[in-house]
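Got your viewer open and a hand on the mouse? Let's take a walk through this one, a selection at a time.

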Amino acid sequence: MTENSERAKPFRSRDTSEDRRLPDASELAHRLSRDAEAVCRHYLSNGRRQGRYWVVGDCRNTPGRSLFVRLNETLQGLAGKWTDAATGEHGDLLDIIRQSCGLVHFRDVAKEARRFLGMPRPNPQPTSIPGRGAFRARSAEAARRLFAKSQPIDRTIAQLYLRERGIEPVHDEGALRFHARCYYRPNEDSQIEVGPAMIARVTDLKGQITGVHRTWLHPSGRSLALVDAPRRALGNLLGNAVRFGTLDDVLVAGEGIETMLSLRCVLPTMPMVAALSANHLAGILLQPSLRRLYIARDADAAGRAAATSLTTRAEAAGIEALTLSPRLDDFNDDLRAMAAVEFRATLCEQLVPEDAVRFLSLAASKPG
């Protein structure tokens with residue numbers, strides 16, 4: 001991920017007196033959104049399409065995987081809306097043009113947008129999908145079918161993969177399964193491939209499956225598959241999560257599956273959720289009965305931003321929010337680098353004393 005403290009704020013924060021003398025910004029943004037992928041291919045050429053998003057380092061076209069641009073209209077809004085996971089900034093395609101071209105004044109951005117809109121583009125494809133509710137329903141149903149067709153992870157490559165990450169036993173509460181021949185498509189123009197994958201169940205607060213997360217694995221089980229994007233989601237993730245344990249008054253929320261399973265090695269009875277990304281962690285839905293929330297953040301800019309955002313939301317809802325911080329990049333790195341007693345101690349000192357007594361398993365130990 002990239003960090004750039006000099007990034008400009010989205011247009012809506014500027015003085016609007018200039019807007020009244022120029023073409024309507026919202027109309028330009030709407031017209032650009034109809035060709036969102038073409039805009040991204042032109043101005044963010046160092047990125048690539050992944051599913052329904054264009055992924056790149058930042059608005060200035062830096063290579064990386066921090067910025068996500070929505071390519072299709074969804075219930076969350078028009079195509080072209082983007083979020084930078086490293087900074088928490090968000091905006092539309094006019095902001096992309098402004099920053100990628102190094103423009104300052106809106107009149108120059110509008111001129112460049114009109115120039116782009118007037119360019120011929122072969123085989124234009126509409127990015128607005130009619131029947132958004134039906135599309136989301138089909139996506140969630142496909143996720144439920146995939147999970148149903150998968151098998152428990154016991155004695156599979158998925159179990160071996162987690163063991164290689166220091167996670168044993170796996171306290172997954174049935175949220176994880178394995179599929180030996182899970183479809184993988186590198187991009188829209190590629191042939192479908194198949195490979196072994198760990199399948200994680202994404203559910204809402206009522207326990208209904210809304211999606212799955214797929215982690216493609218090397219056939220040896222010792223690492224991720226040697227593909228560009230070995231982790232992908234299917235279905236509706238926004239507000240939902242991979243859940244380990246039964247909802248209670250205390251919860252730990254974090255990003256990755258491996259991160260949360262690492263914590264469950266020493267806190268096997270503590271309810272936890274994996275939101276699967278920093279952006280989704282910031283927007284996770286919290287159950288009304290929740291009294292205390294621990295946020296297991298990753299040690300990067302996106303992790304810090306997500307923890308700050310979620311803390312603000314939790315406290316506004318009357319929920320006590322505390323942050324769990326790893327010594328290294330994340331808690332899976334800690335699990336693998338530390339002795340079992342040291343790893344437990346780093347967690348114990350960050351828990352409220354009553355939760356340490358209630359949840360910390362003194363018998364749990366790191367394998368190997």
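Here is a tour of some strands, a helix, a surface patch and a few salt bridges. Keep in mind that this is a predicted model.

**Stop 1: a five-strand sheet**

Start by selecting residues 48–50 and 90–91, which are strands β1 and β5. These are the edge strands of an open sheet, and each of them pairs on one side only. Now fill in the rest: the order across the sheet is β1-β2-β3-β4-β5, and the pairing is antiparallel. In general, strands of a sheet pair through backbone hydrogen bonds, either parallel or antiparallel.

Next, zoom in on β2 (residues 53–56) and β3 (residues 67–70), which are joined by 4 bridges. For a landmark, pick tyrosine 53 and look across to arginine 70 in β3, which stands opposite. Move on to β4 (residues 82–84), linked to β3 by 3 bridges. Which residue of β4 is the bridge partner of valine 69? Click tryptophan 82 and you've found it. Finish the sheet by going from β4 to β5, a pairing of 2 bridges, where threonine 83 has histidine 90 as its bridge partner.

**Stop 2: a strand tucked inside**

Select residues 193–203, strand β8. Is this strand largely enclosed or not enclosed by the rest of the structure? It is largely enclosed, because 8 of its 11 residues are buried. "Buried" here means under 20% relative accessible area.

Now look at the strands that pair with β8. Show β7 (residues 176–184), which runs antiparallel to β8 with 7 bridges between them; tyrosine 184 stands opposite glutamate 193 there. Add β9 (residues 209–216), also antiparallel to β8 and joined to it by 7 bridges. Threonine 203 is a handy residue to highlight, since its bridge partner in β9 is isoleucine 209, and in β11 (residues 241–244) its partner is alanine 241. The β8–β11 pairing has 2 bridges and is antiparallel.

Before leaving, follow the chain around the hairpin from β8 to β9, with 5 residues between the strands. Stop at glycine 207, which takes a positive phi near 85°.

**Stop 3: a patch on the surface**

Switch on the surface and select Tyr183, Ile192 and Val194. Together they make a nonpolar patch with about 320 Å² of accessible area. Tyrosine 183 sits in strand β7 and counts as exposed, because its relative accessibility is 58% and the cut-off is over 50%.

**Stop 4: a helix with a buried side**

Now go to residues 25–33, helix α1, and color Ala25, Leu28, Ala29, Leu32 and Ser33, its buried residues. Why are they on the same side of α1? They cover an arc of only 140° around the axis, so they end up on one side. There's a general rule behind such patterns: an α-helix has 3.6 residues a turn, so residues three or four places apart point the same way. To see what covers the buried residues of α1, show helices including α2 (36–43), α3 (93–101) and α4 (106–117).

**Stop 5: salt bridges**

How many salt bridges does the structure hold? There are 18, and we'll visit a few.

Select glutamate 164 and arginine 222, whose closest N and O atoms are 2.7 Å apart. This pair links distant parts of the chain: glutamate 164 is in helix α6 (residues 157–164), while arginine 222 is in the loop between β9 and β10 (231–235), 58 residues apart. Glutamate 164 is partly exposed at 35% relative accessible area, whereas arginine 222, at 55%, counts as exposed.

Now select arginine 291 and glutamate 354, another salt bridge, at 3.8 Å from N to O. Arginine 291 lies in the loop between α8 (278–282) and β14 (292–296), and glutamate 354 is in helix α12 (residues 353–359), so the pair ties together parts that are 63 residues apart in sequence.

Last, pick aspartate 355 and arginine 292, with N and O atoms 2.6 Å apart at the closest. Aspartate 355 is in helix α12 and arginine 292 in strand β14, again 63 residues apart. Are these two buried or exposed? Both are buried. To end the tour, highlight Asp248, Asp249, Arg291, Glu354 and Arg358: salt bridges with shared partners join them into one network.

Technical notes:
Residues numbered from 1 in each chain as written. Predicted model: local features only at pLDDT ≥ 70, side-chain atom pairs only at ≥ 80, totals over all residues. Heavy atoms only, no water. Pairing = 2+ DSSP bridges. Buried < 20%, exposed > 50% of the residue type's maximum accessible area, 1.4 Å probe, protein only. Arc of directions from axis to C-beta. Contact = heavy atoms within 4.5 Å. Patch = residues over 30% accessible without salt bridge, like charges linked within 9 Å, V, L, I, M, F, W, Y side chains within 5 Å. Areas by Shrake-Rupley, 256 points an atom, 1.4 Å probe, with all protein chains shown as cover. Salt bridge = Lys/Arg side-chain N within 4 Å of Asp/Glu carboxyl O.
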